[in-house]
Amino acid sequence: MSLYLGKEYLTRYLTYNRFNLSYREFLIKHHDIIFISSLSFISSLPFSNWKTFDDYWAIKFLEEAKFLMINKVILKMSTFDDLKDKINTERLQHEKYFQAYWCEVIKQYRKDNLIPGAIYKKNTIKKANTKDNIKPDLLFCYDILYELENDPHAYPFYKYINSNYFNVTINQPIDLFTINLKLENNQYLNAEEFKKDIHLMFDNCFISNDDESDIYISGRELEDVFNKLWYIYQIEQKQENSN
């Protein structure tokens, strides 16, 4: 198969997560390398079309998975059609998230005034976060964020939208996409700062929306999910400290 920037990270993800593959999880875990890698084919893409970015990486995801299946590195070749259906369903189910994800990438390209054919040395590519370089007390935050983002009530919180029913001023808008970026870029000093942003996201929702609205109800449901996950985190921390 042809070489391209980002291939190594994609192959590594598919190999390490061979029993539970998720295209969306791959994008979340390797946002920085994908941002840099996409520059290699940016000249052939219309900036306004986020779907072209998404199609490119989804195709690469399936191509690499199929190659690894044929070579018996992951799963069995007989499961490829199932994986393809799973990825297509995932893209349809979370289409708004993928749109926000790629629009953010495009926005950053424009902001940085990046041009086609830009040359990047290896040391300009930020090392993707792994369990070896993530702060220990933030490991569980990745798990929590993944669970929240995959919850059916998460859709309104992927990207902040001003749905201000009461015309309240939101001084600190925040969303799951921004929280994920902060986590990936090591902007949280500890898990409590992560928790604070999560609660801020819900508080913004509750003070600006009618309590009978869909987004308010989704916020309450998602908040319950977070509180349960955080409770589990506290129990595990106490057990670790007592050992």
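A pocket is an open set of grid points with protein on both sides within 12 Å along at least five of seven lines, and its lining residues have an atom within 4 Å of a point. The model analysed here is predicted.

The second largest pocket has a volume of about 360 Å³. Its lining comprises 22 residues. Closest to the pocket centre are Pro 156, Phe 157, Lys 159, Tyr 160 and Ile 161. By class, 12 of the lining residues are nonpolar, seven are polar and three are charged.

Two helices each supply at least two residues of this lining: H6, spanning 95-112, and H9, spanning 191-208. Helix H9 gives the largest share, four residues. The lining also draws on two domains. Domain 1 covers 7-112 and domain 2 covers 122-241; both contribute lining residues, so the second largest pocket lies between them.

Helix packing was examined next. Two packed helices are described by the angle between their axes and the distance between the axes.

Helix H9, which supplies four residues to the pocket lining, pairs with helix H10, residues 214-242. The axes of H9 and H10 come within 9 Å and cross at roughly 160°. Angles over 145 degrees count as roughly antiparallel. H9 and H10 are therefore roughly antiparallel to each other. The crossing of H9 past H10 is left-handed.

A second pair is formed by helix H4, residues 50-70, and helix H5, residues 80-93. Their axes come within 11 Å, with a crossing angle of roughly 160°. H4 and H5 are therefore roughly antiparallel as well. Here H4 passes H5 in a right-handed crossing.

The third pair consists of helix H7, residues 139-149, and helix H8, residues 176-184. The H7 and H8 axes come within 11 Å and cross at roughly 160°. H7 is therefore roughly antiparallel to H8. The crossing of H7 and H8 is left-handed.

Conventions: Residues are numbered from 1 along each chain as its sequence is written. This is a predicted model: local features need pLDDT of at least 70, side-chain atom pairs count only at pLDDT 80 or more; totals for chains, interfaces and linings use all residues. Side-chain values use heavy atoms; hydrogens and water are left out. On a 1 Å grid over the protein atoms alone, a cavity is a set of points where a 1.4 Å probe fits but cannot get out, and a pocket is an open set with protein on both sides within 12 Å along at least five of seven lines; lining residues have an atom within 4 Å of a point. Grid points are joined across faces, edges and corners, and a volume is the space filled by probe spheres set on the points. Ala, Val, Leu, Ile, Met, Phe, Trp, Tyr, Cys and Pro count as nonpolar, Asp, Glu, Lys and Arg as charged, and the others, Gly among them, as polar. Domain bounds come from an automatic or database domain assignment. Axes are lines fitted to C-alpha atoms, for helices over the stretch in contact, and angles run from 0 to 180 degrees between N-to-C directions. Angles under 35 degrees count as roughly parallel, over 145 as roughly antiparallel, 65 to 115 as roughly perpendicular and the rest as oblique. A crossing is left-handed if the near helix is turned anticlockwise from the far one by less than a right angle, and right-handed if clockwise.
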